[in-house]
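Let us take a friendly walk through this protein, going from one strand residue out to the overall picture. Please keep the sequence and the view at hand as you read.

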Amino acid sequence: MAVDDSSHNKIAKKLKKRVERQLSKQDVSGYCDLYIEFVHQDKWAKIRRVKGTGDHYVCKVGKKAIKKGERFTYKQPEKYIRIHIAN
């Protein structure tokens with residue numbers, strides 16, 4: 001099992017759950033490491049960019065599930081988070 005930021009970051013855990021829910025609806029196997037970049041404004045972390053490495057279709061579904069411009073509140077600011085998705 002690969003360690004990612006969802007074990008200690010609430011935003012990463014929420015996004016990983018959303019991506020896994022989308023992948024469960026599809027008949028797909030493989031893995032993808034998603035790298036999510038944030039920009040911080042006041043008390044909000046806003047998604048700026050989503051990049052992925054791994055199987056193309058799994059990354060494509062993951063990128064569609066995570067919307068650019070979406071805002072989250074945070075306790076500790078982080079510029080990047082990593083999510084590992086495996087089916």
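## Starting from Thr53

Thr53 is a residue of strand β2. In this predicted model, Thr53 has a relative accessible area of 43%, so it is classed as partly exposed.

Which residues does Thr53 touch, leaving aside those up to four places away in sequence? They are Tyr31, Cys32, Asp33, Tyr35 and Cys59. For Cys32, the C-alpha atom is 5.6 Å from that of Thr53, although 21 residues separate the two along the chain. Two of the residues on that contact list, Cys32 and Cys59, are worth following next.

## The disulfide

The structure holds 1 disulfide, and it joins Cys32 to Cys59 with an S to S distance of 2.1 Å. Cys32 belongs to strand β1 (residues 31-41) and Cys59 to helix α2 (residues 56-65), so the bond ties together parts that lie 27 residues apart in sequence. As a reminder, a disulfide is a covalent bond between the sulfur atoms of two cysteines.

Is the disulfide of Cys32 and Cys59 right-handed or left-handed? The torsion about the S-S bond is about 110°, so it is right-handed. Are the two partners buried or exposed? Cys32 has a relative accessibility of 1% and therefore counts as buried. Cys59 is buried too, with a relative accessible area of 5%. Buried here means under 20% relative accessible area.

## Fold and overall dimensions

Stepping back, the protein has 2 helices and 4 strands. Along the sequence they follow the pattern α-β-β-α-β-β. Helix α1 covers residues 10-24, and strand β2 covers residues 44-54. Later in the chain come β3 (71-73) and β4 (80-86).

How does the radius of gyration of the protein compare with that of a compact globule? For 87 residues, a compact globule would have a value near 12 Å, and the protein has 12 Å, so the two agree. The C-alpha trace spans about 40 × 25 × 20 Å along its principal axes. If we take contacts between residues at least 6 apart in sequence, 68% of them join residues at least 24 apart.

## Surface and charge

Of the 87 residues, 38% are buried. The protein exposes about 6000 Å², and carbon and sulfur atoms supply 48% of that area. The charge count is 22 positive and 10 negative, and the mean positions of these two sets are 6 Å apart.

## Two loop residues

Asp42 sits in the loop between β1 and β2. Asp42 has a positive phi of about 55° although it is not a glycine. That is worth a second look, because most residues other than glycine have a negative phi. With a relative accessible area of 76%, Asp42 is exposed.

Lys75 is placed in the loop between β3 and β4. Its relative accessibility is 80%, so Lys75 counts as exposed. The C-alpha atoms of Lys75 and Trp44 are 9.8 Å apart, with their positions 31 residues apart along the chain.

## Around helix α1

Where is His8 found? It lies in the segment before α1. His8 is exposed, with a relative accessible area of 57%. The C-alpha atoms of His8 and Lys60 are separated by 25 Å, and the two residues are 52 apart along the chain.

Within helix α1 itself we find Arg21. Arg21 counts as partly exposed, at 46% relative accessibility. Arg21 and Ala65 are 44 residues apart in sequence, while their C-alpha atoms are 9.2 Å apart in space. Ala65 also closes helix α2, whose residues are 56-65.

Methods
Residues are numbered from 1 along each chain as its sequence is written. This is a predicted model: local features need pLDDT of at least 70, side-chain atom pairs count only at pLDDT 80 or more; totals for chains, interfaces and linings use all residues. Side-chain values use heavy atoms; hydrogens and water are left out. The radius of gyration is taken over C-alpha atoms; the globule rule is 2.2 Å times the number of residues to the power 0.38. Buried means under 20% relative accessible area, exposed over 50%, partly exposed in between (1.4 Å probe, protein chains only). Contact means heavy atoms within 4.5 Å. Accessible areas come from the Shrake-Rupley method with a 1.4 Å probe; for residues, only the protein chains shown count as cover. Lys and Arg count as positive and Asp and Glu as negative; His and the chain ends are not counted. The place of a charge is taken as NZ of Lys, CZ of Arg, CG of Asp or CD of Glu. A disulfide is a pair of cysteine sulfur atoms within 2.5 Å.
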